[in-house]
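Take a slow look at the chain before reading on. Turn it around a few times and look for places where helices pass each other and where the surface opens inward.

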Amino acid sequence: MKVTVVGAGAVGASCAEYIAIKNFASEVVVLDIKEGFAEGKAMDLMQTASLNGFDTKIVGSTNDYSKTAGSDIAVITSGIPRKPGMTREELIGINAGIVKTVSENLIKHSPNVILIVVSNPMDTMTYLVHKTTGLPKNRIIGMGGALDSARFKYRLAEALEAPISDVDGMVIGGHSDTGMVPLTAHATRNSVKVSEFLSEERLDQVAADTKVGGATLTKLLGTSAWYAPGAAVSGLVQAIACDQKKMFPCSTLLEGEYGLNDLCIGVPVILGKNGIEKIVEIELSDAEKAKMQESAAGVSKTNGLLEL
């Protein structure tokens, strides 16, 4: 099992680290355009192998895509990250060109690769990959919902004063501060609905805090977060590599599901060895449907900025 991570910045390096530590891949290739940067990150990570007990080989490469040949899965984290006050949508001009070039180079050397898109604005970048590569839709996955759901569960556990292992919940919709749809009515604490423990007002606050989860961290850190995004990516990669058939909310191309067409947006999917093996349609309330339609309209508007 060979995995490539394009972009050796904070998110890419964290992603490579978590994949290596889980020890399910034989090789992880980290690629970056900055001379020697990926090689340095790879060497540093390899020097943790005996300390962290993994045998995954980590290789760094400066823009040499031949090193990525034969990759089963590739993760695209490259592009500029958010700075305080920036929306994900503001990154579109620069990141579109980068993501298009990266995906084409990956497919050239690994024609059977499954692509996971992390670069922002993520839903639009995932749509761009669909429109420009011709890969089947099951092999193009946008990572947003897994991260947003982790942030949602963190906020739920905080509100409940409960261990996070007790809490389950999911965020669908667009991966943006306004587009996320935290499914508070579906969230549970050990199978009991959280509405049994929390007031509607407190749940609304949890949802609001979840939606600005990334912006909150960007303001505190001065750049985008990396630990949770890296962990979220590694979860998707492991589900595919190990054919786990796990359910995650991921950005995928919709063709009528949820009443939406010709856009990529976060919905629950089953991940296995073929990538997205099934789109799961769950029943939404009228209010949730309205929020999903509003989110889709926002994603479509951003898609309209692409020069396809």
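What follows is a walk through two helix contacts, two pockets and two unusual spots in the backbone. Keep in mind that this is a predicted model.

Start with helix H1 and helix H9. H9 covers residues 227–241. The axes of H1 and H9 come within 8 Å and cross at roughly 45°. That angle makes H1 oblique to H9. The crossing is right-handed. Which residues of H1 make the contact? They are Val11, Ser14, Cys15, Tyr18, Ile19 and Lys22. On the H9 side, the partners include Tyr227, Pro229, Val233 and Val237. Small residues take part too: Gly230, Ala231, Ser234 and Gly235 of H9 are also in the contact. Sorted by class, the contact of H1 with H9 has nine nonpolar, five polar and one charged residues.

Now find a second pair. Helix H5 runs over residues 122–133, and helix H10 over residues 286–303. Their axes come within 9 Å and cross at roughly 60°. H5 and H10 are therefore oblique to each other. H5 passes H10 in a right-handed crossing. Three residues of H5 take part: Asp123, Thr124 and Tyr127. They meet Val299, Thr302 and Asn303 in H10. The residues of this contact divide into two nonpolar, three polar and one charged.

Next, look for empty space. Rolling a probe the size of a water molecule over the atoms shows where such space is left. The largest pocket holds about 760 Å³. It is lined by 39 residues. Which of them are closest to its centre? They are Thr77, Ser78, Gly79, Ile80 and Pro81. Several elements each give two or more residues to this lining, among them helix H1 (10–22), strand E2 (27–32) and helix H8 (213–221). Helix H6 (145–160) is another of these elements. Helix H4 (92–109) gives the largest share, with five residues. By class, the lining of the largest pocket has 18 nonpolar, 17 polar and four charged residues.

The second largest pocket holds about 310 Å³. Its lining has 21 residues. Nearest its centre lie Glu89, Ser176, Thr178, Gly298 and Thr302. You have met Thr302 before, in the contact of H10 with H5. Both of those helices return here: H5 and H10 each supply at least two residues of this lining. Which helix gives the most? H10 does, with six residues. The lining of the second largest pocket divides into four nonpolar, ten polar and seven charged residues.

Finally, follow the backbone. Most residues other than glycine have a negative phi, and most peptide bonds are trans. Two places here are worth finding. What joins asparagine 120 and proline 121? A cis peptide bond does, with omega about -5°. Proline 121 sits in the loop between strand E5 (114–117) and H5. The second place is glutamate 161. Its phi is positive, about 55°, although glutamate 161 is not a glycine. Where is glutamate 161? It is found in the loop between H6 and strand E7 (167–168).

Go back to the model and trace these links. H1 meets H9, and H1 also helps to line the largest pocket. H5 meets H10, and both helices help to line the second largest pocket. H6 gives residues to the lining of the largest pocket, and the loop between H6 and E7 holds glutamate 161.

Methods: Residues numbered from 1 in each chain as written. Predicted model: local features only at pLDDT ≥ 70, side-chain atom pairs only at ≥ 80, totals over all residues. Heavy atoms only, no water. Axes fitted to C-alpha atoms, helices over the stretch in contact; angles between N-to-C directions. Helix = DSSP H or I, 4+ residues; strand = E, 2+ residues; numbered from the N terminus. Parallel < 35°, antiparallel > 145°, perpendicular 65-115°, else oblique. Left-handed = near helix turned anticlockwise from the far one by under 90°. Contact = heavy atoms within 4.5 Å. Nonpolar A, V, L, I, M, F, W, Y, C, P; charged D, E, K, R; others polar. 1 Å grid on protein atoms, 1.4 Å probe; cavity = no way out; pocket = protein on both sides within 12 Å on 5 of 7 lines; lining within 4 Å. Points joined across faces, edges and corners; volume = space filled by probe spheres on them.
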